[in-house]
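Colleague: I'd like to go through this model with you and ask how the labels come about. Ready?

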Amino acid sequence: MKLLPNEKSLVTSNSNRIHLTDQRIHLTNKSWGQSYTIGMFLENISSIETKYQSHLLLLVFAALAILMGGISSQQQLGPNNLFLMGVGIAIGLVVVWWFTRKHIISISSNGGSSLNFMVQGMKNSEIEDFIYKVSVAQQERILSIGKS
């Protein structure tokens, strides 16, 4: 990202994909055959949202797999193969649920696109600190525009 004249870098985050300056926020992302860049001036930010997404239905299916395996094994006098199969399916579903969880920050602009990015390896306190820095930079930017 090239800085504008009189622009100062404040924070980079998420492996340098997010760049916060005293005038704007900028996201560069590349993944699996696609690449995009989005930036917005701080005074145009209308909201900042943090979302935690997970597919809870996978956990429900995992519980049902164990329950159905247990019920099926009670119906038969043979070995507990059905119960073990239910437990195996449940473990697989829990693993899929674990790896599909996402923590997302979404920064929306006034009538424009949103800047969305997954937060990886950041603690909640670090996320709150990043959002605080964006808010402080936005406040200072708006105040500096008002003084001009």
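Colleague: In what order do the elements of the chain run from the N terminus on?

Modeller: They go β-β-β-β-β-α-α-β-β-α, giving 3 helices and 7 strands in the chain. Those are DSSP runs numbered from the N terminus: helices are H or I with at least four residues, strands are E with at least two. Bear in mind that this is a predicted model, where local features need pLDDT of at least 70, side-chain atom pairs count only at pLDDT 80 or more, and totals for chains, interfaces and linings use all residues. Residues are numbered from 1 along each chain as its sequence is written, and side-chain values use heavy atoms, with hydrogens and water left out.

Colleague: How do you know what radius of gyration a compact globule of 148 residues would have?

Modeller: The rule is 2.2 Å times the number of residues to the power 0.38, with the radius taken over C-alpha atoms. That puts such a globule near 15 Å, but the chain has 23 Å. The C-alpha atoms fill a box of roughly 85 × 30 × 25 Å along the principal axes.

Colleague: What makes N6 buried or exposed?

Modeller: Exposed means over 50% relative accessible area, buried under 20%, and partly exposed in between, with a 1.4 Å probe and protein chains only. N6 has 71%, so N6 is exposed. Across the chain, buried residues make up 30% of the 148.

Colleague: And what is the phi of N6?

Modeller: Near 65 degrees, a positive value in a residue other than glycine. Most residues other than glycine have a negative phi. N6 sits in the segment before β1 (9-13).
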